[in-house]
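Have a look at the sequence and the structure below. After that we'll walk through some of the contacts, charges and pockets together.

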Amino acid sequence: MNLKFLIDENIKVSPQDFMKLNDDIIVINSTDLYRHGTKDEILTARAKRDELVIITKDIRMALRSLKEGVEVIFVEEFGEITFLSAIKHDKTEYAEMYEYLLKRFSNE
């Protein structure tokens, strides 16, 4: 079984660093597929279609992806890494929180 990841443009890690850990890992930089600033929805749709786990530091992207059932590795500002899975929660379970965070941080 291959592990497949899509690295968001806000993460600065080379795919080769990941692949050193395991030959079965497939890592794609989002900027290899799309231009900088591509909308999260496009990346999420690609990840869902190709069964990729998204690696991101952007909480909004993480929430959008989880709502679509895409698994996420979320890297926090202080270096903590958390694996998030929409399988563990109903997609609508955190809809209000998602909307709040989207409104709160959409101007940044």
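Let's start with Ile7, which counts as buried because its relative accessibility is 0%, under the 20% cut-off. Keep in mind that this is a predicted model. Ile7 sits in strand 1, and its opposite number in strand 2 is Asn29. If you measure across to Asp32, which is 25 residues away along the chain, the C-alpha atoms are 9.8 Å apart.

**Strands and cores**

Strand 1 covers residues 3-7 and runs parallel to strand 2, residues 25-29, with five bridges between them. Strand 1 also pairs with strand 3 (residues 53-56), again in the parallel sense, this time over three bridges. One of the residues to click on here is Leu6, whose bridge partner in strand 3 is Ile54.

In a regular strand, side chains take turns pointing to one face of the sheet and then the other. With that in mind, look at where the nonpolar residues go. Which residues make up the largest nonpolar core? There are nine of them: Phe5, Ile7, Ile11, Ile25, Val27, Val53, Ile55, Ile73 and Val75. Strand 1, strand 2, strand 3 and strand 4 (72-75) are the elements that each give two or more residues to this core. A second, separate core has seven residues, among them Leu6, Ala47, Leu52 and Ile54. So Ile7 belongs to the largest core, while Leu6 is in the second one, and the general rule is that neighbouring side chains in a regular strand alternate between faces.

Phe5 is a good residue to zoom in on. Setting aside neighbours within four places in sequence, Phe5 is in contact with Ile25, Ile26, Val27 and Ile28, and also with Leu52, Val53, Ile55 and Ile73.

**Charged pairs**

Side chains of opposite charge can pair up when their charged atoms come close. How many salt bridges does the model have? The count comes to six. Here are three of them, with the N to O distance for each.

| Pair | Distance (N to O) |
|---|---|
| Glu41 and Arg64 | 3.5 Å |
| Lys48 and Glu68 | 3.9 Å |
| Asp58 and Arg60 | 3.5 Å |

Take the Glu41 and Arg64 pair, joined by a salt bridge. Glu41 is in helix 3 (residues 40-50) and Arg64 is in helix 4 (residues 59-67), so this salt bridge ties together parts that are 23 residues apart in sequence. Glu41 is partly exposed, at 45% relative accessibility, whereas Arg64 is buried, at 17%. These two residues are also linked with Asp40 in a network of salt bridges.

Next come Lys48 and Glu68, whose side chains also meet in a salt bridge. This pair links distant parts of the chain as well: Lys48 is in helix 3, Glu68 is in the loop between helix 4 and strand 4, and they are 20 residues apart. Lys48 is partly exposed at 43% relative accessible area, and Glu68 is partly exposed at 39%.

As for the pair of Asp58 and Arg60, is each partner buried or partly exposed? Asp58 counts as buried at 18% relative accessibility, and Arg60 counts as partly exposed at 21%. The cut-off between those two classes is 20%.

**Thr44 in helix 3**

Thr44 lies in helix 3 and is buried, with a relative accessible area of 4%. Apart from neighbours within four places in sequence, Thr44 is in contact with Ile54, Arg64, Ser65, Glu68 and Val70. Two of those names should look familiar: Arg64 is the salt-bridge partner of Glu41, and Glu68 is the partner of Lys48.

**A pocket and an unusual phi**

Rolling a probe the size of a water molecule over the atoms shows where empty space is left. The second largest pocket has a volume of about 210 Å³. It is lined by 13 residues, and those closest to its centre are Lys4, Glu51, Leu52, Val53 and Glu71. Strand 1 and helix 3 are the elements that give two or more residues to this lining, and strand 1 gives the largest share, three residues.

Glu51 deserves its own look. Glu51 is in the loop between helix 3 and strand 3 and is exposed, at 62% relative accessibility. Its phi is near 55°, a positive value in a residue other than glycine. For comparison, most residues other than glycine have a negative phi.

Definitions and conventions:
Residues are numbered from 1 along each chain as its sequence is written. This is a predicted model: local features need pLDDT of at least 70, side-chain atom pairs count only at pLDDT 80 or more; totals for chains, interfaces and linings use all residues. Side-chain values use heavy atoms; hydrogens and water are left out. Two strands pair if DSSP finds at least two bridges between them. Helices (H or I, at least four residues) and strands (E, at least two) are DSSP runs, numbered from the N terminus. A nonpolar core is a set of buried Ala, Val, Leu, Ile, Met, Phe, Trp, Tyr and Cys residues joined through side-chain atoms within 4.5 Å. Buried means under 20% relative accessible area, exposed over 50%, partly exposed in between (1.4 Å probe, protein chains only). Contact means heavy atoms within 4.5 Å. A salt bridge is a side-chain nitrogen of Lys or Arg within 4 Å of a carboxyl oxygen of Asp or Glu. On a 1 Å grid over the protein atoms alone, a cavity is a set of points where a 1.4 Å probe fits but cannot get out, and a pocket is an open set with protein on both sides within 12 Å along at least five of seven lines; lining residues have an atom within 4 Å of a point. Grid points are joined across faces, edges and corners, and a volume is the space filled by probe spheres set on the points.
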